[in-house]
Amino acid sequence: MNYNRGDIVILPFPFVTTKGTRQKARPALVISDHSIKRRFNDVILVAITSQKIDDIKQTEFLIAEGSIEFKKSGLLKDSVVRCEYVMTVPKEIIVRKLGNLPNNIMGKINEKLKLSIGLCG
């Protein structure tokens with residue numbers, strides 16, 4: 001399956017704890033543009049968490065229940081896109097697509113990604 005920028009997907013996410021490494025199915029947002037010819041079949045993602053966060057940082061974007069973007073996302077509850085948590089994974093490990101975010105929201109996330117990797121200011 002092909003995944004596009006703005007797709008929200010589910011994949012086995014590695015967690016490193018004091019008891020070792022384990023994996024758990026988690027959502028992530030595709031930020032790579034696959035209209036561009038690439039050398040590898042990888043997808044660049046940022047993490048999404050549903051953990052309650054009281055203090056949203058400049059590099060985070062809240063997808064709130066009831067919002068237009070929430071309805072299209074496929075997420076089950078309030079979630080935060082964490083633009084400082086970027087990963088590249090083989091496309092084949094993605095389990096499925098949940099939904100997607102509209103272009104206007106991806107524009108806002110682009111700004112947060114720029115802040116996260118130091119491309120602003």
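**View 1. Pairing of β1 with β6 and with β2.** In this predicted model, V9 stands opposite K97 of β6. The two strands involved, β1 (residues 7–17) and β6 (residues 96–100), run antiparallel to each other and share four bridges. β1 also pairs with β2, again in the antiparallel sense, over ten bridges. Within that pairing, F15 has R22 of β2 as its bridge partner. The β1 and β2 strands make a hairpin, with two residues between them.

**View 2. The largest nonpolar core.** This core contains 16 residues, and those touching the most other members are I8, L29, I63, V81, L101 and I109. At least two core residues come from each of β3, β4 (60–63), β5 (79–90) and α2 (103–117). The largest share is that of α2, which supplies four residues.

**View 3. Surroundings of L101.** Sequence neighbours within four places are left aside here. L101 is in contact with G6, I8, L29, I63, E69, S73, M106 and I109. Of these contacts, I8, L29, I63 and I109 are also listed, together with L101, among the residues that touch the most other members of the largest nonpolar core.

**View 4. The second core.** A further nonpolar core, separate from the largest, has twelve residues. Among them are V30, L45, A47 and M87.

**View 5. N41 and its contacts.** N41 lies in the loop that joins β2 (20–30) to β3 (42–49). Its relative accessibility is 41%, so N41 counts as partly exposed, the class between buried (under 20%) and exposed (over 50%). Apart from neighbours within four places in sequence, N41 is in contact with P90, K91 and E92. With E92 there is a polar contact between the two side chains, at 2.9 Å. E65 is 24 residues from N41 along the chain, and the C-alpha atoms of the two are separated by 33 Å.

**View 6. The largest pocket.** The volume of this pocket is about 470 Å³. Its lining consists of 20 residues, and R26, P27, I48, T49 and S50 are the ones nearest the centre. The strands β1, β2, β3, β5 and β6 each provide at least two of the lining residues.

Conventions. Residues numbered from 1 in each chain as written. Predicted model: local features only at pLDDT ≥ 70, side-chain atom pairs only at ≥ 80, totals over all residues. Heavy atoms only, no water. Buried < 20%, exposed > 50% of the residue type's maximum accessible area, 1.4 Å probe, protein only. Contact = heavy atoms within 4.5 Å. Polar contact = N/O pair within 3.5 Å; in protein donor to acceptor, adjacent residues only side chain to side chain. Core = buried A, V, L, I, M, F, W, Y, C linked by side-chain atoms within 4.5 Å. Pairing = 2+ DSSP bridges. 1 Å grid on protein atoms, 1.4 Å probe; cavity = no way out; pocket = protein on both sides within 12 Å on 5 of 7 lines; lining within 4 Å. Points joined across faces, edges and corners; volume = space filled by probe spheres on them.
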